[in-house]
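Reader: Hi! Could you walk me through this model? I'd like to begin with how the chains meet.
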Amino acid sequence: MGKVLNYFPSPAKILIVDSNSSERCLLKRFFLEHSYIVVDAASGRDALTSFKKHRPDIVLLDLLMSDISGFDVAVRIKALAGDDFIPIVFLTSLQDERSLVRCVEVGDDFLAKPYSQIVLQAKINSLINMRNMQLTLINQRDEITNYNHDLLQQQDVAKRVFDRIAHAGVLGADNIKYHLSPLSIFNGDVMLAGVSPTGNLVVFLGDFTGHGLHAAIGSMPLAQTFYTMLKKGFSLREIVREINITLCEILPVDLFCCAFIAEINFNNCHLRVWNAGLPDCVIYRSSTREVVKLASNHIPMGINETLNFDATVRVYEIEPGDRLYVWSDGIHEAQNSRGDMFGEDRLMDVFACNSRVENLFEEINTAVDHFIGDSAAEDDVSLLEITMIKADLFKLDKRAALNSDGLGLKDWRMRLELRPETLKSFDPLPLLLHILMNVPHLQPYGGQVYTVISELYSNSLEHGVLGLDSAVKLSSVGFTEYYQHREASLAKLSKGYVIIDLDYSGNEEGGDLKIIIEDSGVGFDYQQMLCEDAFKNQFSGRGIHLIRSLSQSLHYAGSGNKAYATFVWSD
Amino acid sequence: MAITSTFSADSGDLVIAISGRFDFSSHQEFRGVYENVDVKSGAYVIDLANSSYLDSSALGMLLMLRDYAGGDEANVSIINCNNDVKKILNVSNFEQLFTIK
């Protein structure tokens, strides 16, 4: 606010108190001539009554009055005025210094009788100016107080909406522990956790430049993109790409988001991680106590629309009991009273000193709290711990069926043939999931059906059409290589196809979905599946074990390039 | 925190030297030294020899300069970084956006 507002109501109202009626009349006429609003009183008691009634801007006060002394009247008027600065000028014929000093102590100024009208007017004008300034100040103070009150109230409402969006999802799952400490009401960090239709847990930690509202604003579209795309079955790559594009579009140049995203597949015990600008995060191996660092190898999100996701995503094998630790730089940069930072070495010391892994999360928090002591945390301290568990322990809440009125796709068949230009750039799984979600009564099983179809589809695409060898995936280094290889082969693809054939019929008692997926590849020796050991060792990469556990039947035909799976459900 | 700028005598590059903590408090000042300055060589050099620390808003300011200097075509180098500063730039993989010496 650049302009100083004049809160003073003009013209000024003056209260003239004098027991001498001729003096009072003289003063009254003088001020009326100078456009003041004038009220007058002849005694101390009258003065107080008139003050309460008229609330003047300034008071001229006779010092010697018969009922109450001028000093006492002044003290009472000041008390009545409270915070409001209402100047009091004494009119006095007293000459002794003590009385005059008292006039300035109790009131604001004095004028010795007989007084000059010019001096009187100058004094009154100067005091009125002071009152104007003081009024302006008080009004501005009140305005700021009100403004701040409104702001806090608005922030509080916004924060509740924000929390529902930005810190929602499945952060409350049993195998997740998290800590978020807001520096201001809003936090520059965003923490998301959701479950894909295939049952994978996907977690996201983002750290926007700066703090507070401007940092929080970017997390709203981010969170919505994340949850919406995850629910619809989009791949990690597509989700990251979309979030990045959104942030590039909406954020100013100097605002960006350091991000870490991880997808945990509890079925095949794989962890895919992507770190774009956050400090090294960690996998803590429970059996060997090894600390595996997950370093950033990508520029943060919201800077460049082109992403290099496939070359920078990393895949790790994990075992139940292993833990993933994700943090923003708030922990590293937490300062103690001497200005030292907590730093990575102290953080690694906490890991080295840990004896019971289930206490590690609390130990990290305690170490940071202990280190910073009384000094308030400078950044947003965010910490996330995910414990790897067996797939069957990671349960999803069964959402109420979206389409429970029984309307929709009840009896149907579809055939989708995907040719090279589509295979190169389009993931058909979200589209298929969308269709399956419109099949009444099948929604509760949507995730399982989706898993079967997505496993079969990736087998057909990767091993059939692209001819990739799943044996490469046996080591974690190989896994990363495998996906880079997959990307390179896809980019060059010029022939081949995948046909997805779905045939469904069902009613409220039960139904079945026949899934046939055929590809242009040379197939594989599916006869060996009959031998349990061989199937375990050699075909683990094809996810056949998983498909079998979820569907009622799985068999292959032709050279192994055509898979038949049946999903049957009944109530 | 102080920001000074000079033109390099031989190359004509604008050299911006930052001392102390490079953080949000220098936002206006930092913009002030390169905006409305005609840099004939089109090249900008950020000298962090006396800069002990930079935060994410400083990274944001560097991105603003990069954008001002032509985005992907910009010629912005960051020189004389100490190890802490270098680490912060590395974590964000800023070597893909700036020449870091």
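Reader: So how many residues does each chain bring to the contact?
Author: Chain B gives 14 residues and chain A gives 15, with contact meaning C-beta atoms, placed from the backbone, within 7 Å. This is a predicted model, where local features need pLDDT of at least 70, side-chain atom pairs count only at pLDDT 80 or more, and totals for chains, interfaces and linings use all residues. Residues are numbered from 1 along each chain as its sequence is written, while chains are lettered from A and ligands numbered from 1 in the order in which they are written.

Reader: Which element supplies the largest share on the chain B side?
Author: Helix 2 (residues 56-68) of chain B, with seven residues. Helices (H or I, at least four residues) and strands (E, at least two) are DSSP runs, numbered from the N terminus.

Reader: Switching to the sheet, what's the strand order in chain A?
Author: It is an open sheet of five strands, ordered 2-1-3-4-5 with parallel pairing; strands pair if DSSP finds at least two bridges between them. Strand 2 (37-41) and strand 5 (109-112) of chain A are the edges, each pairing on one side only.

Reader: And what is Asp62(A)'s bridge partner in strand 4?
Author: Leu91(A). Strand 3 (residues 58-62) and strand 4 (residues 88-92) of chain A pair in the parallel sense over four bridges.

Reader: Which strands does helix 3 of chain A touch?
Author: Helix 3 (residues 70-81) of chain A packs on the sheet against strand 3 and strand 4 of chain A, its direction making about 160 degrees with that of strand 3. Axes are lines fitted to C-alpha atoms, for helices over the stretch in contact, and angles run from 0 to 180 degrees between N-to-C directions.

Technical notes:
Two residues are in contact if their C-beta atoms, placed from the backbone, lie within 7 Å.
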